Amino acid sequence: CSSDLALGWLAAALATPLLAAWTVLPWWGQTLQGPVKRLAGLARGLDEPLVQWQLHLPSAAFYLGRPVPRATPAPGGLALTRIDRLPRDTPVSVLAEDHGLALVRRAAPATPPTDGARP
């Protein structure tokens, strides 16, 4: 009877990590990588260079299928960043946001109006 009890504990000890691997790990991976994957997919559809702005997520390059350097985006450029790290003095358009991450386009500088006169 005690050997049956020991065998039961052994089976439970072996089943617990398998159950965790089949249920918890996929959820955890989706929670951590889902936003990066979705935003990189949106950026892939835009077919423009993308940078990581005040952020370091190596998986962004994996999901995008090309390098995503860490840099400040050029005016008019695309960036992946955390919404809480957007500089207040740099105007951006938020194209998409997912769980605190954002795909943004840095505002292009305003062009002075032309009146047709040449300098």
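Colleague: Which residues does Leu39 touch, not counting residues up to four places away in sequence?
Modeller: This is a predicted model, in which local features need pLDDT of at least 70 and side-chain atom pairs count only at pLDDT 80 or more, while totals for chains, interfaces and linings use all residues. Residues are numbered from 1 along each chain as its sequence is written, and side-chain values use heavy atoms, with hydrogens and water left out. With contact meaning heavy atoms within 4.5 Å, the residues that Leu39 touches are Leu80, Ala96, Glu97, Asp98, Leu101, Ala102 and Leu103.

Colleague: Which element gives the most to the largest nonpolar core?
Modeller: A nonpolar core is a set of buried Ala, Val, Leu, Ile, Met, Phe, Trp, Tyr and Cys residues joined through side-chain atoms within 4.5 Å, where buried means under 20% relative accessible area, exposed over 50% and partly exposed in between (1.4 Å probe, protein chains only). The largest has 15 residues, of which Leu39, Leu50, Leu64 and Leu80 touch the most other members. Two or more residues come from each of helix H1 (2-46), helix H2 (59-64), E2 and E4 (DSSP runs numbered from the N terminus; helices H or I of at least four residues, strands E of at least two). The element that gives the most, with four residues, is H1.

Colleague: Which residue in E4 is the bridge partner of Thr81?
Modeller: Strands pair if DSSP finds at least two bridges between them, and E2 (residues 78-82) pairs with E4 (residues 101-106) in the antiparallel sense over five bridges. In E4, the partner of Thr81 is Ala102.

Colleague: Is Phe62 buried or exposed?
Modeller: Tyr63 is buried, with a relative accessible area of 18%. Phe62 has 65% relative accessibility, so Phe62 counts as exposed.
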